[in-house]
Every structure is written in structure tokens, then in C-alpha cells.
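Please walk through this protein model from one of its strands outward to its sheets, helices and nonpolar interior.

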Amino acid sequence: MVEKDFQDNYKKMKGSLKGQAIAVLTSGGDSQGMNATLRAIVRCGLYAGAKVFFIREGYQGMIDGGANIEEANSLSVSKIIHKGGTIIGSARCNEFRERSGRLKAAKNLVGNGITNLIVIGGDGSLTGANLFKKEWSSLLEELIRKGEIFSIENTKYSCLSVVGIVGSIDNDFCQTDMTIGTDSALHRIIESIDAIVETASSHQRTFILEVMGRHCGYLALVAGLATEADFIFIPECPPEGDWQLKMCEKLSSHRKAGQRLNIVIVSEGSIDRNGNAITAEMIKNIIVENLNQDTRITVLGHVQRGGRPSAFDRVIGCRMGAEAVMTLTEADPEKIPCVICLEGNQLVRRPLIDCVKDTQAIQKVLNERNWEKVVRLRGDRFGPILGTYKMLYGTMPIKPSFEKVQNTSRYTLAVMCVGSPACGMNAAIYSFTRSCIYRGHTVLRVTDGMEGLINDLVEELKWSSVVGWVREGGTFIRTKRTLPDGNYKKIAKTIRKHKINGLLVIGGFDAYISVLQLAEQRKNHLEFRIPMVVIPSTVSNNVPGSDFSVGADTALNEITRICDGIRQSAHGTNRRVFVVETMGGPCGYLATLAGLAGGADQAYIFEEPFSAQEYLRDIERMKNKMRHGVQRGLVLTSGKANVNYNSRFMKELFIHEGDPEFDVRMNVLGHYQQGGSPSPFDRYLGTKMSVKAADWLIKKVIECDQPDANVTSKSPYTAVVLGILERQYSFTPVEELKTEADFENRLPRKQWWLKLRHLLGILASHDEES
């Protein structure tokens, strides 16, 4: 079952659990984003009319009962969304493994009138939840026989509904793309590696970093991809028998090519092909003995679990918590427990026990040393990520590699950026360049976007040209907003001069318009009949044909970080409301998602027209909250939410109408949102999209290769936008997307995130009367 659309279903949710009670617990290892999930469960549960209970200290708290089972209200989850860990505590509980422990837990739930349970944890915690649900009827019958509950309670509480949410930094749970906490852990790892790179380069050192992942190498793999690590060790793909020699040869070749440092990442559960442990200390000794390099070890440890959750983990925590409550409103006594999973950009409900069995099966296959099957069981994403790492971070190919194409011709492919810069563009250029060179083709950089084609600012990119680009923000090939219109002849001349066979354009709405204009001029210019693909890359996330754009996640994290700091700055002052203006132009993506991630009270956007009356309504809500103990308010607005009621007008109105309940401060974030180091998500997304773009371009170039050695096609399917749409990557013709684009306001006509607007209101407690 797919995630429900709150825009259509939130009214059904309201009051649907009246008279019922929901309990939530966190169990096993903690992970960042759990508090965002708790906040969503409590406030959505209250919205649905239920009582909501915290169970403190995991299953042990459910067994011990008493003060460990505590009723929560809206204020219970105020000011927690930015905190790591879990405010209700977490613990591993051996007593719950025994029926006697589960019997005590059942009695405590019945004593509090609880028949709905949400468990946030890993596979062990969810296995316990499934068994508890399975035994529920027999546990109540035993309690009646022992005289610990009455028969009428058995009738009233005969059914227990259970929903699971996976919280684990290792991302080791099957049938979900990401678990809560993984993205934040990647932030800690990559921030650490980026910092280490500076000192390592200064002293020409080799650093070995040990990261978490006893049985799953996802963190090490994605961190390696996002930081240009020279070598990685993960449990799922142990190195070959002569790995010591291969590693040293690779590190040495990278130094000879001009690198001043080497980075090796090792997952804590790494083993060789015989099942023997590979440790950081062992790797260090091999490097020192064979290469005589100054080598240091850094063990990141629990730093990876700590710190504030990333914007991604906050948003996905909010969505999963809300979806868990929505699942309870539709619960059927006969239904088996489900777990909320992420597939692409969609939340899906999967049978809990099936996911647990698949997850636990991996350890068995690991013990059998069936490495190919292990990688396959990790899911559809793991194998391709591993293959991409091996391709991009090997040594420069001595001979062209044509194993993925049937034609051995050497083609020329160009890459350019159009529009405003965004973090992750360099990662996309890096991956596209190496992916094409790996297959034996030539890559040209076009400097300054379309102006580069107009003025012939074209030069070749080599394998080594892009070293160190992945971690850098902006774009090293520069970008401008100039469109092709009026310069078609000059552009055609440059394409013809350099014999460009395919074109990758990275950018926002301007990039889409640029390729659309070139495609529409194919009838007049044969040079434009080459395959062309757009990778959406803009902080605004406003390109038709894709749910996500490279760069938007980094901007979202910057906004969230700044909003956390702004709120903290007011500690110890009078009650205060902050008005924050984000980028995005007419697109309200950043304001809405930052509102969810930052726990905002409201986010005003162009897509939902409003007047001064909405401002006055929200001022009254804010005053009411202040009277009931809230000390801080946060209101966001996108830069062009309303041409008349701008952020300055909003500030003045809030000051005038909010006095004396609260004072007001305004912050316009500006270009902070475009700067900084790319987030792990944007590095990965840029890499993934550019590799797919390279595969697509090469395939289309071969298909369009004519007997006269010209690459030409008039098919609309050779000028496309590469995007993520719901659960998959899609190539959509730019001409088809014309009907889906609002050119006046530079927006897609359909935007998936608008369905989260009602969730934003629920989590801000807009519906509370008191």
C-alpha cells in the first residue's frame, strides 16, 4: 500500500481514533530523527482523537509499567525536532524475549487502555513487536486465568494493532531505501572526512577512517562515493585474495598522478574472503610497510549517532510518523503488522515479518560467504552503488572500456551548467566525466553555460581534471542564465566545430528551457538533432519532470541549521516570533520542507494564495500558543510568496498585532542557501543521475549514429529531462513537459510536496482550540 495523500485524507483522519489509545516506544540503538517521528506520532494521534502514551526505555518500560508509561500532549513534543537521540529513552531488553516479560507488558497496556502500538527500532525490535501481536490473544487469556484482568477487558482490548518504523543508522533493513538516522550519520561521516582531507593534504598523509556498520557496509560505501575515497572495505564485498597488493598499487598510482593524500574507509564489520576480520590497524601496517606513507587512523565511533538530525531525517521522520498513525486509522483486526518503508519518494506499507525475515537472511548468507547473493539481498540500490564506486574511483583506464556498448566508436560528449549554481553540480560533472571516459569516449566542458557554446568556450576534460570536485559546492565550469534564443547559428557552429555527439545540461528551469529551445529548432539546425539530457539542479526544486533537484537538499539543510540557530539565539529573552524568508522564488518547496524540518508554525507560499486575513489568523494562533507556555514561534515565507504581502509587511503586521504577547525578528537568508559543502544526498544524487545520464546518452548516440558518421535524430525522445518520479528514475521528453510547466511562474504544474502542506498544519497544532 502506498502512502496516503494528506491533501485528500487528512479530514478522514481527524477524530477517527476517538476513544482509543496509541503507545509509542523506541527500542534498540538510537538514531537521529527519532524525535521528529515521535513528534509526528503524538500530534497526528491527538489530531485523530486518540490518547497518546510514551513508553519510556523501550520494551523494558512496557514491562515495568508505572511511570514508564506516560500520557503525552502537544507540549510534550515541543522543542525536540532538532535534537538527536530519543527523548523517551531506548534500551535493549532480554526480558521481553521471554513470554513472562511479554505477559507483564500486555497487562500494562490493557491497564492503560492501549490497543495501538508503534515501535521505532531495528529488526530485533520489530521482531519482538510482531511476536507480541501474534501472542496478544493468548496473553490476554492467560491474564484472565490468573485473575489479573477481567473478561470484559479481554473483549474491549481483544485486538492489538502494531505498526513498525525503522530507526537505524546502518540502513540495514530490507525492503526500504533508507532508514531513519542513516542520512544524519552520513552527514557526520562526510563532515569528518572533509575536515580530515585538509590536514591530510597539508602533510601528504594517508588516513584510514573506521565507520559503523558491523553487518552492513552502506555507510562506508556511500561515504566512499561522496568523498572520493581511494579504497573502501565493506562486509558485503570482501576484497580479493591479493587485496593488499592491489590497495597499495592503487594508492601509489594516485600519488604518482598528483594526489597529496589518500583516504581509506573501512566498515567496522569488514572481512576478507575467508571470513577473517580486516581492521584499520591491519590496513595501516600494510600501507606503512609497503609504501612508507605517513598513515593515521580515525575511528568515528558514536559521533555518527550523535548531533542534530539532518533535514532529510526530520522530514522522513515526520512523514513516517504521520503514515504510521494513518495506518492505525485504517487498521483491520485481521491484518498482519506492517512496517513503513521508503521506496524512491513514496512511503509504502510492507508486511513487517517479511521485511524482518529478509533482513535476518542476509546474516545467514554472509556466513555462507555467498557475496553476490548478499549484495542482491541488500536491495535494488546497493549493487548499482557498488558498481558505480568501482567505476568512478579506480585508476584511469589504460584502454577504453566498451563492455557496456556494442559499438567501439569514440564519441564526443559535452557537459555544461545553465542557470544559478547549486551544490552537487560538481559531483555530477565528476561522475559524468569519468563514466564517459571509462567507456572510451571524450568529454568536453562548456564554460559559462550557453554563452560557452555561443563564444566557443570549450575544452576537454581528462580523468584527472575532476579530482577533488565532489566535495566542492557550486560549479567549476561556471554557469550563466543566458538562453539559446537568438544565438542558434553560433551555437550550431560550435557544436559542429567540436563534433559534439551528445549534450548534458545541468541546471534548473533555465536548463530545461534551453534544451527545449534547442529541440524546437531541430527543423532549422541539424546540429541540434543530437541526444540531449537535463539533470535538474537548483535549490528551488522547480524543474518539471522530477520530484527532486540536485542542490535542494543542501539548501534545505542550510535553512534548517540557520533556523535552529535563530531559535536558540533567543533563549532567555521574551516570547518571540521569527519571520524567515527563504529562496525559491514562486516555488514554495524550500519554505514548506524547511517548515517541516524546523518545526515551523506556518510557511507561506505562492502556490497557496493568501491575504492579510491569513496573517491575522496565524497571529491569533501564535498568541494562543504563547498563553499556553510556548516561548518561540517560527514562520517561513518563500521569496515571492505574494507580491503585495512580502516578508517586511508580514514582520510589521506581526509586530503590530502581536504586541504585547510577543515581539518579532526577521531574517532574510539569501545566498547562504546556495553555499556550503554539498550534502551527502546531493553528492549521491548528482553522482547517480550523471551516471544514468551518461548511460542514456551513449545508448542514444549509438542508436542515432548514421552511416555518414553523423549522429542525428528528430525524435522527441532524444531531448529529455532525467528525473525521479515517485519510485523510479524517468527520462521524459522536454516537449511533452511543456503542458506540465507554468512558464510564467517557472513552476511545474504538479508538485508532490504540496500534499505535505496539511501535515505541516497538523504538526504545528493548527487544529488545537486550547
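A residue is called buried when its relative accessible area is under 20%, and exposed when that area is over 50%. The model shown here is a predicted one, and with this cut-off in hand one can begin at strand β20, residues 632-638, which is mostly covered, since seven of its seven residues are buried. In a regular strand the side chains alternate between the two faces of the sheet. In β20, Arg632, Leu634, Leu636 and Ser638 point one way, while Gly633, Val635 and Thr637 point the other way, and all of them are buried.

The strand also has partners. Strand β18, residues 576-582, runs parallel to β20 and is joined to it by seven bridges, with Phe578 having Leu634 as its bridge partner in β20. Strand β19, residues 602-604, is likewise parallel to β20, here through three bridges, and Tyr604 of the model stands opposite Thr637 in β20.

Elsewhere, four strands form an open sheet with parallel pairing, in the order β7-β8-β6-β9. Because β7 (231-233) and β9 (295-299) stand at the edges and each has a single partner strand, one side of each is left without a neighbour in the sheet. Neighbouring strands of this sheet are turned against each other by 15 degrees on average, direction ignored. The partner of β7 is strand β8, residues 262-267, to which three bridges join it in parallel, and Phe231 finds its bridge partner in Val264 of β8. Helix α7, residues 182-203, packs on the sheet, where it touches β6 (206-211), β8 and β9, and its direction makes about 165 degrees with that of β6.

The helices also pack on one another. The axes of helix α15, residues 425-438, and α23 come within 8 Å and cross at roughly 35 degrees, and the crossing is right-handed. On the α15 side the contact includes Ala427, Ser431 and Phe432, and on the α23 side its residues include Gly686, Ser690 and Val691. The residues of this contact divide into seven nonpolar, five polar and one charged.

Turning to the interior, the largest nonpolar core has 155 residues, and those with the most contacts inside it are Ile118 and Ile263. Helix α23, residues 680-704, supplies the largest share of this core, 12 residues. Leaving aside neighbours within four places in sequence, Ile118 is in contact with residues among them Ile22, Val24, Ile41, Val163 and Leu328. A second, separate core of 38 residues includes Ala21, Tyr59, Val119 and Tyr157.

Notes
Residues numbered from 1 in each chain as written. Predicted model: local features only at pLDDT ≥ 70, side-chain atom pairs only at ≥ 80, totals over all residues. Heavy atoms only, no water. Core = buried A, V, L, I, M, F, W, Y, C linked by side-chain atoms within 4.5 Å. Buried < 20%, exposed > 50% of the residue type's maximum accessible area, 1.4 Å probe, protein only. Helix = DSSP H or I, 4+ residues; strand = E, 2+ residues; numbered from the N terminus. Contact = heavy atoms within 4.5 Å. Pairing = 2+ DSSP bridges. Axes fitted to C-alpha atoms, helices over the stretch in contact; angles between N-to-C directions. Left-handed = near helix turned anticlockwise from the far one by under 90°. Nonpolar A, V, L, I, M, F, W, Y, C, P; charged D, E, K, R; others polar.
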